[in-house]
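Welcome to a short tour of a protein and the ligand it holds. Have a look at the picture first, and then we can walk through some of its features together.

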Amino acid sequence: MILLDNVTKTYPGDAHPALDSVSLHIEPNEFVFLVGKSGAGKSTLMKMITKEENPDSGKIIIGGIDLDYVKKRNIPNYRRRLGVVFQDFKLLPRRTVYENVALALEIAGMSGREIRNTVPKVLELVGLLDQAKKFPNQLAGGQQQRVSIARSVARQPKILIADEPTANLDKLTTEEIINLLKKINDFGTTILVTTHNESIVNNLQKRVITLKDGRIVNDQKINGIYKLDATPAQPPQRTLQTPGHALKKQPKVI
Ligand code: ADP
């Protein structure tokens, strides 16, 4: 569960808050898109969840953990409970695909045996088992993002957050990555994705939260579509076939 209650954050020197009284409740196993123009506050909201930034006021509870009580030295430990996927993949260039995933598990304290057991399974999940010995620069962008996703789901996090995970990918690869996130969601992981990609949001029809100037201006809980302001989407206007006065009682035609 992701819970933000009245969260406000103004960066030092900024005239306006990056997040302004944001309240948000995401249930376990939801798939949520976070949309909004550049500067709307999406990254800041993500940074609140990863505790890269702290709110000036308000409460944040992630997976039952009240972030007010996560001490600085425990932040890395807390972050390991989340899966985090980045726009630029953040893979270690001198490590193979296998090692990139294995290292994340090693850092999390998993035994060698568990790691040897887990890594092939996750690589299979993301469709990269046959690329295990390659280095990141030998892979296409979409494949690199798959490795990054494999690395973040290997520890089976309850929550996966992804800030613009498809920004550097072409249309087809974007669809593949989103399908992979959907599959991970189907296995029971809560997913929160920021994106500017209108078509993936509209195709998936999941929950869509829109931020504008640091505020949530729209929260479409089901069948959400991409829209950047508060105006609800209007169904196409039905044009009347007859002028108003013609709607008066008409003689019955038999
Ligand atoms: P988005 O991810 O939607 O583009 P951001 O969360 O990056 O939006 O930014 C929200 C607002 O906060 C913007 O006005 C931006 O200029 C400001 N901001 C973001 N990061 C910083 C920072 N480190 N220092 C000062 N202002 C920042």
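## A charge over a ring

Let us start with a pair of side chains in this predicted model. Lys90 sits over the face of Phe86, 5.0 Å from the centre of the ring. If you are curious about aromatic rings that pair with each other, the structure holds one such pair.

## Around the ligand

Which residues are found around the ligand? On one part of the list are Tyr11, Asp14 and Ala18, and the rest are Lys37, Ser38, Gly39, Ala40, Gly41, Lys42, Ser43 and Thr44. Sorted by character, this shell has three nonpolar, five polar and three charged residues.

Some of these neighbours place a polar atom beside an oxygen atom of the ligand. For Gly41 it is a backbone N or O atom, at 3.0 Å from a ligand oxygen. Lys42 uses a polar atom of its side chain, and the distance to an oxygen atom of the ligand is 2.8 Å. In the side chain of Thr44, an N or O atom lies 2.5 Å from an oxygen of the ligand. How much of the ligand does the protein cover? On its own the ligand has 560 Å² of accessible area, and the protein covers 61% of that.

## The sheet

Now let us turn to the strands. Four of them make an open sheet in the order β2-β1-β4-β5, and their pairing is antiparallel. Why do β2 and β5 each have one side without a neighbour in the sheet? Both β2 (19-26) and β5 (65-66) stand at the edges with a single partner strand, so one side of each is left free of a neighbour there. As a general point, strands of a sheet pair through backbone hydrogen bonds, either parallel or antiparallel.

## Strand by strand

Strand β1 covers residues 2-9, and five bridges link it to the antiparallel strand β4, residues 57-62. You can follow this pairing along the strands: Ile2 has Ile62 of β4 as its bridge partner, Leu4 has Ile60, and Asp5 stands opposite Lys59. Five bridges also join β1 to β2, and these two run antiparallel as well. Here Ile2 appears again, standing opposite Ile26 in β2.

At another place in the sheet, β4 pairs with β5 over two bridges in the antiparallel sense. Ile61 is found opposite Asp66 of β5. These two strands, β4 and β5, form a hairpin with two residues between them. One residue to look for in the turn is Gly63, which has a positive phi of about 55 degrees.

Technical notes: Residues numbered from 1 in each chain as written. Predicted model: local features only at pLDDT ≥ 70, side-chain atom pairs only at ≥ 80, totals over all residues. Heavy atoms only, no water. Phe/Tyr/Trp six-rings, centres within 6.5 Å; stacked < 30°, edge-to-face > 60°. Lys NZ or Arg CZ within 6 Å of the ring centre and 35° of its normal. Near = heavy atom within 4 Å. Polar contact = N/O pair within 3.5 Å; in protein donor to acceptor, adjacent residues only side chain to side chain. Areas by Shrake-Rupley, 256 points an atom, 1.4 Å probe, with all protein chains shown as cover. Nonpolar A, V, L, I, M, F, W, Y, C, P; charged D, E, K, R; others polar. Pairing = 2+ DSSP bridges. Helix = DSSP H or I, 4+ residues; strand = E, 2+ residues; numbered from the N terminus.
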